[in-house]
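Here are my notes on this model, set out point by point. Please read them with the structure open.

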Amino acid sequence: MVTGPSGAGGAQHGGAPAERGAVRRPERAAFGTAEPKTDISLPREKLLRAKEIKARKKILRENRQNAEMERAARLRTALIPLDEVRAEWEKSSGPFHKQRVAEHCAVFRDLFRGATFTPWVTLRVEYSQEDEHVVPVYYGNMVTPSEASSPPAVSYEADKGSLWTLLLTNPDRVTNIPGNDMQSGKEICHYLPPFPAMGTGYHRFIFLLFKQDRRIDSSEDVRPTLCHRLKLRTLSSFDLYRKHEDAMTPAGLAFQQCQWDSCVSWVSHQLLSEKWPVRGAGGAVTQPWGEAQGR
């Protein structure tokens, strides 16, 4: 999928507005046309099902023998350690749940032409807001262009000496990241806030984390320090992966959806110097975007 003028590099989604937090699903191919998918995941040691069941039964036995826990559950005063529950989910069934949501939203279909991967590495993406709150990116939640107006904070666990590549299909790419030190990586194309055109529905903005086996020579891909020309920013995620597939493997995933808001006007006029079209029913261009904004 070639990213760029269509918004965040995601295929645009029309139709009725969805509630905040809802996941909108792109149209899929007709039933019966699906082909076997190639798994391009990081290699991972498989945990034997019997061993996993044995470990869970041990925990259940210990809980049943814990009189204090039994009493708290009976009196409805038991506190569930949600952070521990989430940490366990991230290590066990979480990666498979994320993979299924990405499949549902056609992420793999559009980025890797049908190949798929299990996101074994937890990728945390958060946009800081002026009121000191943060807006997280999960797996298809709604984030407005205003909330995503500044580059997000990205974090993940990494071994010392390892190398990584981060790709945002808006596009924005940082490569040769040592461990999880984002500031020390080589920025190929700087961050550009989302700018989905008015009337084009919901757009996907996808963060992909690749683990590298070695350093990658990306000198020919480097864009100017301040690159606001859409033609120069256009990048095919699939071609990028095919070019370096012998040196990097997809490992982490997070994605958001957003639609037009007033922040897009500033991005379009001040950064891109564009007059974006306004699309009405059926995708017809009704008027130049600048006119719709009273310009």
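1. Overall make-up. The protein chain has nine helices and 11 strands. The model is predicted, and local features are discussed only where pLDDT is at least 70. Of the 295 residues, 44% count as buried.

2. Contacts and surface. Take the contacts in the chain with a separation of 6 or more: residues 24 or more positions apart account for 72% of them. The accessible surface comes to about 17,200 Å². Carbon and sulfur atoms own 51% of that area.

3. An open sheet. Three strands form it, in the order β2-β1-β4, and the pairing is antiparallel. The edges are held by β2 (134-137) and β4 (153-155). Each has a single partner strand, so one side of each is left without a neighbour in the sheet. Neighbouring strands here are turned by 25° against each other on average, direction ignored. As background, strands of a sheet pair through backbone hydrogen bonds, either parallel or antiparallel.

4. The β1-β2 pairing. Strand β1 covers residues 124-128 and is joined to β2 by four bridges. The two strands run antiparallel. Two facing pairs are worth checking on screen. Tyr-127 stands opposite Val-135 in β2, and Glu-126 stands opposite Pro-136 in β2. The link is a hairpin, with five residues between β1 and β2. In that turn, Glu-132 has a positive phi of about 75°.

5. Faces of β2. Which residues of β2 make up its covered face, and which its uncovered one? Val-135 and Val-137 are on the covered face. Val-134 and Pro-136 are on the uncovered face. In a regular strand the side chains alternate between the two faces of the sheet.

6. The largest pocket. Its volume is about 1,100 Å³. The lining counts 32 residues, and the closest to the pocket centre are Glu-52, Arg-56, Glu-88, Ser-92 and Ser-93. Three helices each supply at least two lining residues: α1 (49-64), α2 (67-74) and α3 (82-91). Which helix gives the most to the lining? Helix α1 does, with six residues.

7. Pro-194. This proline is found in the loop between β7 (186-189) and β8 (203-212). Is Pro-194 buried or exposed? Its relative accessibility is 1%, so Pro-194 counts as buried, the cut-off being under 20%. Leaving out residues up to four places away in sequence, Pro-194 touches Pro-145, Ala-148, Phe-205, Gln-256, Cys-258, Val-264 and Val-267. For Phe-205, the C-alpha to C-alpha distance from Pro-194 is 8.1 Å, with the two residues 11 apart in sequence.

8. Positive phi at Arg-76 and Ala-106. Most residues other than glycine have a negative phi. Arg-76 departs from that sign, with phi near 60°. Ala-106 has a positive phi too, near 60°. Where do they sit? Arg-76 lies in the loop between α2 and α3, while Ala-106 is in the loop between α4 (94-104) and α5 (107-112).

9. Accessibility of Arg-76 and Ala-106. Arg-76 has a relative accessible area of 79%, so it is exposed, the cut-off being over 50%. Ala-106 has a relative accessible area of 4%, so it is buried, the cut-off being under 20%. When reviewing the backbone, look at Arg-76 as an exposed residue and at Ala-106 as a buried one.

Conventions: Residues are numbered from 1 along each chain as its sequence is written. This is a predicted model: local features need pLDDT of at least 70, side-chain atom pairs count only at pLDDT 80 or more; totals for chains, interfaces and linings use all residues. Side-chain values use heavy atoms; hydrogens and water are left out. Buried means under 20% relative accessible area, exposed over 50%, partly exposed in between (1.4 Å probe, protein chains only). Contact means heavy atoms within 4.5 Å. Accessible areas come from the Shrake-Rupley method with a 1.4 Å probe; for residues, only the protein chains shown count as cover. Two strands pair if DSSP finds at least two bridges between them. Axes are lines fitted to C-alpha atoms, for helices over the stretch in contact, and angles run from 0 to 180 degrees between N-to-C directions. On a 1 Å grid over the protein atoms alone, a cavity is a set of points where a 1.4 Å probe fits but cannot get out, and a pocket is an open set with protein on both sides within 12 Å along at least five of seven lines; lining residues have an atom within 4 Å of a point. Grid points are joined across faces, edges and corners, and a volume is the space filled by probe spheres set on the points.
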